[in-house]
Each structure stands twice: as structure tokens, then as C-alpha cells.
Amino acid sequence: MRSRCAALCSNRSEAVSARIDIVDDAVHFDCPEGVDVLHSMIALGRRGIPVGCRGGGCGVCKVRVLGGAYRTDRMSRARITEEEEKQGFALACKLYARGDLKLQVVGKMARAFAPCKETMHCTGAPHAPPGSTSWRR
Amino acid sequence: MAMTGVLRPGHVALRVLDIKAALHHYKDVLGLNEVCRDDQGRVFLKAWDEADHHSVVLKECDTAGMEYMGWRVDSDATLKNFAKDIKASGLATDLKWIPAGEHPGTGERFRFTIPTGHVMELYAHKDVTGCGTGYTNPDPWPEGMHGMAPSRFDHCLLYGDDLDGTVKLFTEVLGFKLAEELVGGPGGKQRNAAFMTCSNKPHDVAFIRHTEKNKFHHCSFFLNSWEEVLKAADLISKHKVALDIGPTRHGITRGETIYFFDPSGNRNEVFAGGYIYYPDKPTITWTEDHVGPAIFYHTRELNERFLTVVT
Ligand code: FES
Ligand SMILES: [Fe+2]
């Protein structure tokens, strides 16, 4: 009994804290219970998941959970479809770990000023990545 | 009367993922006052200095973003004429009349979808329920203000694909003026942003060219001073609101500003300053090489989150 507690409590300030692994980036950080994954990442000064609205609306923090137990708060259906939700996709700002998680980053901050490849015709922009804006091109 | 036709942005309807969290944000932090709720679960709110019945509509949905934006026009006759002109222009789609009373205290609304995909509506009547100070020997501000306490809903900035079509509709059909623009592309010939006004404000609505239709960048509320913008920044930290950027100043419109997100990820702005716009004021043009200071005058740096995160 004693040794189990020691193992659990020894090097963590919070008794309940999950380890979040971002697989492709070799980034990992601890996520306290009740704090969303994106917020824990920001609080620890880590990077890996793009940070947008932090409200489940913009979709830039989209991840896929490859392993581990979790729950989510409501996420915009325009960003995570029902089908995607079943496949383990989630918005990190609405994702709460129930144990250690392995994540893959899916979302991207759109390029603000995606260079225009077809310089003669920028309107309509079939060549621009989805979500890109042209304050400047 | 110098100001005719479209008078002002009258309301913005936002989709939120959690109405309880949204109400805490819009009432306690931003500082709007709740006016009423309806049987669809919509909540109607307004700022302290607004005379009309409501200016913000919140509705719980499974997506975030802007549902529609409403514009007050000067008379029923103007409303009928605009409906006719919009139809004749061929620039808008999904034209329809929403019956009086569908919004509480509001007359019939003419609804249409503009070329950038946003839903707009015009109306000539909304009950004048009065502002926080009244109209007889008023004090400069009312008791019981809370949160950032902006005096009014001011404008929206929206992202969409057919910017040229939308600018044509607003300027040639609805009588707006182009106060400022951002140009780029080969020879600076492409307009990438348009800041348009129907009033004496530097903008009542703005549009940015973007690959997708019908995206919402922010809705904005007016504060009286730079000091109030700094206090808004304090409130953002105090209430752990997701900050986007600021306090800072825009080159475009000269606004002193701060941006943050509501709990569903819809961006809000509170700002002060700007200038008086008259209809004969020359259009201000910002060129591609000055886009940094045009957007954030102090850092002069582009910020990807500010420029690309939308709902
Ligand atoms: S940061 Fe916008 S949805 Fe998570
Ligand atoms: Fe704004």
C-alpha cells in the first residue's frame, strides 16, 4: 500500500495528472485533471498543438487521440463531425484526459498570407489552401 | 437629414456552444444587459447606451459563428425600396421576408445572403425601449455598470470569398462608402480588405478576402477611451478569458483595441478612438508592403492567429 502511493505521488505535485504525448513531435507534458489539454500545454510553455480560439469553435487545435481514456466538452460540429468524433478526433481545447494520452496533431494554423502561385489571378483562389486568407498575397 | 438609407448595424446574432457560459461572458465580463429570452431559447441583450430593444442575440447551437447581422434603415419605404433594389441587382441570394415579431420588439425584416456567404437583414422598426440614462436631463453614464460596459455594438468584421461582389452590393445598392481598403496582388490591383461605412464611423462592417464563405472574424463594441481598453484587458485576465491580441492600435481606422474570444471561440473586440467619417472623405488605401502597421500599428508584425482564426 505504502509503496504504491509513493510511486503515484513521488515526482508529481498533483496526485492526479496525465502524461500527454504528442507522437510526431516528441513533445510531452503533464495535464492536471480538470484542465483541458491545450490549456495545460500553454500553461507549461510547451508547443506542438496550434492555439486558436480556445473555445471549441475554430478547429485549429484539432488532434487525433491514438490511445488513452478521455472525455470532451461540446465542440463545434463544423470542426469535428460525429464520424470524426467516433474515430478519436477532438479539439484539444475541449479535451480532458482520464489517463495518459497519445495524440497526433491534425489541425493547422492557416497561412495568413499564403503565397499566390498563379500570380496572374488571385481571386477565387482554387490553389490556396483551405482557410487561407488574403490580407496580402 | 444627412444620414439616410441604412442607418446603423442594429443587431448581430451569434451561435454559441453553451448558452450558460456565453451569458456569463457577454453579461458579466463584456457587460451587456439581458433584455429578454424567447421560446426558442434565444437570449436578447443590449449595451447601456443603446435606445433600441436589443443589439445582440445569442442562441445555443452545435456550431459557433455568426448566424446573421441586421441593419436598421430609416423608414418602411426605404426598406421596401432596398428589397426591390437588392433583388434587381442579382447580387444576393435566398431573399426572404421575416415576419414582424419574430425578433421581439422588431418589425418585419428583409433577409438575404451576400456574395461572401453572410446572411444580412434590413429592418425599419425596433421598439425604442431607451438607454440606461434616459433622455431627460441624463447623467453621463448609468449606475450599476459592470464588466467592460461598452456603450454600443459597433461593427463586425467578416471573411468570405467574393469580396468584390459584397463590396459592390454594399456600395452600389445599399449606399455604403468605402472608408479604407487594403490592396495587394500583381500591381496592387486586388482589393483584399474593405472597410465600409453607412454613417460617420470609420466602419460599420468590414470584409476580408478568404477562401471559404461565411466566416466570422469578430463583432466589436465601443468604449470611450484607451483607459477603458486597458481596464478591459484587466477584466480579460481577471476572468481568465482567452486573449487574442492587444491592447494595441490599428493603422486601419486608428482604433485603440483589444481582441478576445467568447467561450465558444467567437472573437470579440472592444475598442476606442477612430475618426469622424463624412461621405466625401477620400478612401484610405493601405498597400501590401504596409500591411503590418495597417493591422497592428505598434508591432508592425503579422499575427497568424489574429489573421486566420475564424468561426
Ligand atoms: S483553439 Fe479553437 S477550437 Fe481549440
Ligand atoms: Fe473591429
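This is a short tour of a predicted model, with something to select at each stop.

**Stop 1: the two domains of chain B**

Start by colouring chain B in two parts: residues 6-123 are domain 1, and residues 154-308 are domain 2. Between the C-alpha centres of these two domains of chain B there is a distance of 20 Å. Now look at where they touch. Domain 1 of chain B brings 38 residues to the contact, and domain 2 of chain B brings 39.

How much area is buried between domain 1 and domain 2 of chain B? The value is about 2,900 Å², and carbon and sulfur atoms give 73% of that. If you hunt for salt bridges across this interface between domain 1 and domain 2 of chain B, the count is zero.

**Stop 2: the largest pocket**

Next, select Asp36(A), Arg54(A), Lys240(B), Ala242(B) and Pro263(B) together. Of the 30 residues lining the largest pocket, these are the closest to its centre. The pocket's volume is about 820 Å³.

To see which elements frame the largest pocket, show helix 2 (37-43) of chain A, then helix 1 (19-29), helix 4 (226-238) and strand 14 (242-249) of chain B; each supplies at least two lining residues. Try colouring the lining by residue type: you should find 15 nonpolar, seven polar and eight charged residues.

**Stop 3: the largest cavity**

Rolling a probe the size of a water molecule over the atoms shows where empty space is left. In the whole structure, such a search turns up two cavities of 30 Å³ or more. The largest cavity has a volume of about 130 Å³.

Which residues should you select to find its centre? Pick Leu157(B), Phe195(B), His203(B), His250(B) and Tyr259(B), the closest to the centre among the 15 that line the largest cavity. Then add strand 9 (152-160), strand 16 (267-273) and helix 5 (291-295) of chain B, the elements that give two or more residues to this lining. By type, the lining of the largest cavity holds nine nonpolar residues, five polar and one charged.

**Stop 4: two backbone details**

Zoom in on Pro247(B), which sits in strand 14 of chain B. The peptide bond leading to Pro247(B) from Gly246(B) is cis, and its omega is near 0 degrees. You have already met strand 14 of chain B, as it supplies at least two residues of the lining of the largest pocket.

Finish at Asp94(B), in strand 6 (residues 93-98) of chain B. What is the phi of Asp94(B)? It is near 50 degrees, a positive value in a residue other than glycine.

Methods: Residues numbered from 1 in each chain as written. Chains lettered and ligands numbered in written order. Predicted model: local features only at pLDDT ≥ 70, side-chain atom pairs only at ≥ 80, totals over all residues. Heavy atoms only, no water. 1 Å grid on protein atoms, 1.4 Å probe; cavity = no way out; pocket = protein on both sides within 12 Å on 5 of 7 lines; lining within 4 Å. Points joined across faces, edges and corners; volume = space filled by probe spheres on them. Helix = DSSP H or I, 4+ residues; strand = E, 2+ residues; numbered from the N terminus. Nonpolar A, V, L, I, M, F, W, Y, C, P; charged D, E, K, R; others polar. Domains from an automatic or database assignment. Contact = heavy atoms within 4.5 Å. Buried area = accessible area lost by both parts, 1.4 Å probe. Salt bridge = Lys/Arg side-chain N within 4 Å of Asp/Glu carboxyl O.
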